[in-house]
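Colleague: I am new to this structure. Please take me through one part of it closely, the aromatic cluster and what surrounds it.

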Amino acid sequence: KCEFIVGDLADKVSGKFQVVCANIVADVIIRLFENVDEFMTEDATFIISGIIDMRKDDVLNAAKEKGFTVAEELYKDNWCAFVLKLN
């Protein structure tokens, strides 16, 4: 089953999920790290994209601070996407 929800994660979602995706600017993704783990199962994947390459390090540093590791990196032109897992 797949459900797409548009809006703020914390306001519109309850429960835990195996996959969480965010395709939005770096600042919003960095804010998501504050509580996205509350919505993830133990073995969940967090897929983030829409990150301009000059903000890559900011996003990855925030991910690392919250216990995420990069499972996969994808690049196209000046844009980045990452598949993250919780440690």
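Modeller: Here is a walk through the cluster, the core around it and the helix beside it.

This is a predicted model: local features need pLDDT of at least 70, side-chain atom pairs count only at pLDDT 80 or more, and totals for chains, interfaces and linings use all residues. Residues are numbered from 1 along each chain as its sequence is written, and side-chain values use heavy atoms, with hydrogens and water left out.

Start with the rings. The structure holds four aromatic pairs. Rings of Phe, Tyr and Trp (its six-membered ring) pair if their centres lie within 6.5 Å; planes under 30 degrees apart count as stacked, over 60 as edge-to-face and the rest as tilted. F33 and F46 have ring centres 5.8 Å apart and planes at 85°, so this pair is edge-to-face. F33 sits in the loop between α2 and β2, F46 in strand β2, 13 residues apart. Helices (H or I, at least four residues) and strands (E, at least two) are DSSP runs, numbered from the N terminus.

F46 also pairs with F68. That pair is tilted, at 5.9 Å centre to centre and 50° between the planes. F68 lies in strand β3, so the pair ties together parts that are 22 residues apart in sequence. Ring pairs thus link F33, F46 and F68 into a cluster.

F33 and F46 are both buried. Buried means under 20% relative accessible area, exposed over 50%, partly exposed in between (1.4 Å probe, protein chains only). F46 has a relative accessible area of 0%. For F68 the value is 6%, also buried.

Now widen the view. The largest nonpolar core has 20 residues, and F33, F46, I48, I51, F68 and L84 have the most contacts inside it. Such a core is a set of buried Ala, Val, Leu, Ile, Met, Phe, Trp, Tyr and Cys residues joined through side-chain atoms within 4.5 Å. β2 gives the largest share, five residues.

F68 has partners beyond four places in sequence, including F33, V36, F46, A63 and L84. Contact means heavy atoms within 4.5 Å.

A63 leads to α3. There V59, L60, A62 and A63 are buried. They cover an arc of only 160° around the axis, which puts them on the same side of α3. The arc is that of the directions from the helix axis to the C-beta atoms. On the other side, D57, K64 and E65 are exposed. The buried residues of α3 pack against α2, β2, β3 and β4. After α3 comes G67, with a positive phi near 90°.
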